[in-house]
Amino acid sequence: MSHSLAVNKGSRFHFSHQFAELLVGQLEDILDKKEVSYIIRKCDDGAQFRDMSANDYIHRSPVLDDFCFYHQTMYFTKRYKKEGHKKGHHNPDDDDDDETIIGNEKILFREGHLGKDFAYLTLMPRLKIPVTSIPEGKLCRIEELDINNENPSDVTREKRENYAKMALLMFCPFRELDGNDLKHEG
């Protein structure tokens with residue numbers, strides 16, 4: 001047993017892949033224009049920005065338009081620029097003009113992303129398993145959807161709506177609800 005703990009970095013369990021947080025509730029709150037929790041990142045020059053994974057998805061590069069929130073979390077990770085935080089500073093090895101190629105290149109965020117000047121996405125060499133964080137009561141057991149009932153109760157109808165909304169937020173590529181409502185996508 002002690003040998004196993006040493007080999008598995010102090011854990012009794014060894015997983016084939018790492019995990020990544022998929023904050024579905026945060027994405028829903030941003031789209032519904034509600035207050036959300038976020039991390040404040042501070043740069044060398046004192047500039048600050050709100051760091052949220054939901055913003056990373058909404059303001060992703062057009063190269064990633066076909067990726068849903070789940071798959072972006074699975075295949076891409078956010079990295080932070082080590083230099084370039086100070087105004088007027090430019091790293092000659094950090095050419096941001098052609099960094100939308102998927103691979104070992106940087107994939108820049110679109111305008112509107114609060115950390116566009118300080119962070120970017122990269123393709124991970126190994127995918128991560130998304131661990132979904134869904135608000136309580138938004139995802140129920142399939143039996144509770146009463147699928148074969150054509151005249152469900154109001155409670156069941158609300159469960160169906162919430163279930164469908166969570167599925168669309170995770171697995172349907174989109175940017176915003178305005179003009180391109182998720183109800184029309186599915």
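I started with Thr77, which counts as buried at 17% relative accessibility; the cut-off for buried is under 20%. The model I am reading is a predicted one. Thr77 sits in strand E4, which covers residues 76-80. I listed its contacts beyond four places in sequence and found Tyr120, Leu121, Thr122 and Met124.

**Overall layout**

I then went through the chain as a whole. I noted six helices and six strands. Read from the N terminus, the order of elements is α-β-α-β-β-α-α-β-β-β-α-α. The chain has 186 residues, and 34% of them count as buried. For contacts between residues at least 6 apart in sequence, I noted that 67% join residues at least 24 apart. I put down about 12,300 Å² for the accessible surface of the chain, with 49% of that surface belonging to carbon and sulfur atoms.

**Aromatic pairs**

I looked up the aromatic pairs next, and there are five in the structure. I took Phe49 and Phe118 to begin with: their ring centres are 5.3 Å apart and their planes are at 15°, so I entered the pair as stacked. Phe49 belongs to strand E3 (residues 48-51) and Phe118 to the loop between E4 and strand E5 (119-123), so this pair ties together parts that are 69 residues apart in sequence. I checked burial for the two, and both Phe49 and Phe118 are buried.

I went on to Tyr57 and Phe174. Their ring centres lie 5.6 Å apart with the planes at 70°, so I entered this pair as edge-to-face. Tyr57 is in helix H3 (residues 53-58), while Phe174 is in the loop between helix H5 (154-171) and helix H6 (182-185), so the pair ties together parts 117 residues apart in sequence. I found Tyr57 buried, at a relative accessible area of 0%. Phe174 is buried too, at 3%. I also noted that Tyr57, Phe69 and Phe174 make up one aromatic cluster.

**Charges over rings**

I searched for charged side chains over ring faces. Arg60 lies over the face of Tyr57, 4.0 Å from the ring centre. Lys106 lies over the face of Tyr120, at 4.7 Å from the ring centre; I had already met Tyr120 as a contact of Thr77.

**Nonpolar cores**

I looked at the cores with one general point in mind: in soluble globular proteins, nonpolar side chains tend to be buried together. The largest nonpolar core here has 18 residues, and those touching the most other members are Leu22, Val24, Leu27, Ile30, Leu31, Leu169 and Phe174. I traced the sources: helix H2 (24-31), H3, helix H4 (69-75) and H5 each supply at least two residues of this core. H2 gives the most, with four. A second, separate core has six residues, including Phe76, Ile107, Phe109 and Leu121. Leu121 was also on my contact list for Thr77.

**Ser53**

I finished with Ser53, which is placed in helix H3. I have Ser53 down as partly exposed, with a relative accessible area of 23%. Not counting residues up to four places away in sequence, Ser53 touches Leu23, Gln26 and Phe69. With Gln26 I found a polar contact of 3.2 Å between the side chains. I also looked up the spacing to Val24: Ser53 and Val24 are 29 residues apart in sequence and 9.4 Å apart in space, C-alpha to C-alpha.

Technical notes. Residues are numbered from 1 along each chain as its sequence is written. This is a predicted model: local features need pLDDT of at least 70, side-chain atom pairs count only at pLDDT 80 or more; totals for chains, interfaces and linings use all residues. Side-chain values use heavy atoms; hydrogens and water are left out. Buried means under 20% relative accessible area, exposed over 50%, partly exposed in between (1.4 Å probe, protein chains only). Contact means heavy atoms within 4.5 Å. Rings of Phe, Tyr and Trp (its six-membered ring) pair if their centres lie within 6.5 Å; planes under 30 degrees apart count as stacked, over 60 as edge-to-face and the rest as tilted. A charge sits over a ring if NZ of Lys or CZ of Arg is within 6 Å of the ring centre and within 35 degrees of the ring normal. A nonpolar core is a set of buried Ala, Val, Leu, Ile, Met, Phe, Trp, Tyr and Cys residues joined through side-chain atoms within 4.5 Å. A polar contact is a pair of N or O atoms within 3.5 Å; within protein, one must be able to donate a hydrogen and the other to accept it, and residues adjacent in sequence count only if both atoms are side-chain atoms. Accessible areas come from the Shrake-Rupley method with a 1.4 Å probe; for residues, only the protein chains shown count as cover.
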